[in-house]
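Could you walk me through this structure, a stop at a time? I'd like to know what surrounds a few chosen residues and where the backbone does something out of the ordinary.

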Amino acid sequence: MKAVLFEQFGQPPRVQNVADPTPSPTGVVIKVEATGLCRSDWHGWMGHDVDIVLPHVPGHELAGTIAALGKLVTKWRIGDRVTVPFVGGCGHCFECSSGNHQVCEHQFQPGFTAWGSFAEHVAVDFADTNLGRLPDSMDFVTAAGLGCRFVTSFRAVLDQGRVKPGEWVAVHGCGGVGLSAIMIASAAGANVIAIDLADDKLEFARQIGAVATINASGTSDVVGAVGEITKGGAHLSIDALGHPTTCFNSIANLRRRGRHVQVGLMVGDHHHPRIPMDKVIAHELEILGSHGMQAFRYQAMMEMIEAGKLRPQMLVGKHLSLEEAPEALMSMDRFDGLGISVVTRF
């Protein structure tokens with residue numbers, strides 16, 4: 001099969017012919033119909049993820065059809081249309097038994113701990129635990145666009161953030177994660193403030209539900225601006241970028257007993273950012289992480305999509321070929337363009 005492969009971190013990947021995958025006894029092989037490009041893939045290519053073993057095929061936002069089954073798989077059939085969480089659970093550890101597959105003690109991640117979906121086929125283990133069925137009405141491009149960004153935002157806003165109608169929600173960063181969070185929080189009845197450095201992204205944020213925007217490049221005090229708009233601070237704030245500045249601002253712009261959810265990855269020198277701990281203590285703030293979403297929670301999200309409450313298809317940007325994926329992957333750190341780029345031609 002054809003796949004995007006890199007043999008050294010930070011060196012240009014190339015489309016190459018590699019061996020077709022085979023399913024483990026509990027796994028499946030999926031024929032990839034579409035796969036999204038995510039900044040997490042860029043982090044992996046740069047060597048920021050210690051679990052990657054070279055040579056490597058990246059890609060973790062995928063949708064397709066089951067092409068081969070392991071002998072122990074019971075819930076799926078060849079030809080089923082599926083998608084996959086970017087964090088897979090073993091199904092047997094304490095966390096999986098309690099329904100928290102997204103923090104499985106033995107988790108695996110296609111495109112990180114194993115070869116991923118920038119390929120014609122990808123193998124996924126523990127299929128009975130980790131696959132999500134696609135509605136017949138959903139096309140593969142939209143399903144791949146759900147990827148890690150939309151589903152992570154879904155959990156961050158609704159499960160971790162516990163958003164309520166009428167609350168103020170500040171979203172720091174309007175990339176794929178941030179735009180997804182804006183759409184989801186707005187659909188839940190919240191008043192969303194979008195914060196970014198680019199006017200085109202802020203304008204698009206308004207189109208998908210934001211009631212106010214702040215261009216941080218022209219605002220010396222983002223925290224003060226949020227406080228002025230909300231008359232006291234956000235009830236829920238999300239760092240969708242993963243930077244010391246956005247992390248600090250997201251916590252500092254909360255009202256008393258507010259909730260901060262960290263979604264953007266903090267890597268390299270940013271692993272341990274400065275936070276306003278005095279305010280965390282005095283105002284009883286909550287600081288929460290959000291790391292993917294369990295496969296069984298996909299049904300609730302799919303129902304909202306089918307009902308028209310969520311429109312993730314609006315977040316899909318460029319359609320790419322597999323041959324265009326290496327260049328697009330290497331440029332992910334530039335934050336160019338709107339929406340989510342998806343490989344649709346293999």
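What follows is a short tour of a handful of residues, one helix, one pocket and some backbone oddities.

Keep in mind as you look around that this is a predicted model.

Let's begin with Ser 117, which sits in the loop between helix 2 (94–97) and strand 6 (121–124). Is Ser 117 buried or exposed? Its relative accessibility is 0%, and the cut-off for buried is under 20%, so Ser 117 counts as buried. Its side chain has polar company: there is a polar contact with the side chain of Thr 35 at 2.7 Å, and the Ser 117 side chain also reaches the backbone nitrogen of His 60 at 3.4 Å. If you set aside neighbours within four places in sequence, the residues in contact with Ser 117 include Pro 58, Gly 59, His 60, Glu 61 and Leu 62, along with Val 32, Val 122 and Phe 346.

Gln 109 belongs to the loop between helix 2 and strand 6 as well. With a relative accessible area of 11%, Gln 109 is buried. Its side chain pairs up with the side chain of Gln 107 in a polar contact of 3.0 Å. Beyond the four places on either side of it in sequence, Gln 109 is in contact with Phe 86, Val 87, Ala 114 and His 291.

That list hands us on to Phe 86, in the loop between strand 5 (81–83) and helix 2. Phe 86 is another buried residue, at 12% relative accessibility. Which residues does Phe 86 touch, not counting residues up to four places away in sequence? They are His 60, Phe 108, Gln 109, Pro 110, Cys 148, Thr 152, His 291 and Gly 292. His 60 has already turned up, as the residue whose backbone nitrogen the Ser 117 side chain reaches. Take a look at Cys 148 too: Phe 86 and Cys 148 are 62 residues apart along the chain, yet their C-alpha atoms are separated by 5.7 Å.

Now for helix 4, which spans residues 140–160. Of its 21 residues, 19 are buried, so the helix is mostly covered. Where is helix 4 kinked? The kink is centred on Gly 147 and comes to about 65°. At the start of the helix, a side-chain oxygen of Asp 139 reaches to within 3.1 Å of the backbone nitrogen of Val 141. Just after the helix, Arg 162 takes a positive phi of about 50°.

That phi is a good cue for the backbone oddities. Most residues other than glycine have a negative phi, and most peptide bonds are trans. Against that background, Phe 126 has a positive phi of about 50° although it is not a glycine. You'll find Phe 126 in the loop between strand 6 and helix 3, and it counts as partly exposed at 27% relative accessibility. Arg 257 is a residue in strand 12 (residues 254–262), and its phi is also positive, near 60°. Is Arg 257 buried or exposed? Its relative accessible area is 54%, and exposed means over 50%, so Arg 257 is exposed. As for peptide bonds, the one from Leu 54 to Pro 55 is cis, with omega near -5°. Pro 55 has its place in the loop between helix 1 (39–46) and strand 4 (61–69).

Next stop, a pocket. The second largest pocket holds about 260 Å³ of space. It is lined by 14 residues, and Leu 131, Gly 132, Arg 133, Ala 295 and Phe 296 are the closest to its centre. Which element gives the most to this lining? Helix 10 does, with three residues, while helix 3 (127–130) and strand 7 (132–133) are among the elements that each supply at least two. Sorted by class, the lining has six nonpolar, five polar and three charged residues.

We'll finish at Leu 338, in the loop between helix 11 (325–330) and strand 15 (340–345). At a relative accessible area of 36%, Leu 338 is partly exposed. Apart from residues up to four places away in sequence, Leu 338 touches Asp 200, Lys 201, Phe 204 and Gly 317. For a sense of scale, Leu 338 and Ile 275 are 63 residues apart along the chain, and their C-alpha atoms are separated by 30 Å.

Notes: Residues numbered from 1 in each chain as written. Predicted model: local features only at pLDDT ≥ 70, side-chain atom pairs only at ≥ 80, totals over all residues. Heavy atoms only, no water. Helix = DSSP H or I, 4+ residues; strand = E, 2+ residues; numbered from the N terminus. Buried < 20%, exposed > 50% of the residue type's maximum accessible area, 1.4 Å probe, protein only. Contact = heavy atoms within 4.5 Å. Polar contact = N/O pair within 3.5 Å; in protein donor to acceptor, adjacent residues only side chain to side chain. 1 Å grid on protein atoms, 1.4 Å probe; cavity = no way out; pocket = protein on both sides within 12 Å on 5 of 7 lines; lining within 4 Å. Points joined across faces, edges and corners; volume = space filled by probe spheres on them. Nonpolar A, V, L, I, M, F, W, Y, C, P; charged D, E, K, R; others polar. Bend = angle between axes of the 7 residues up to and from the residue.
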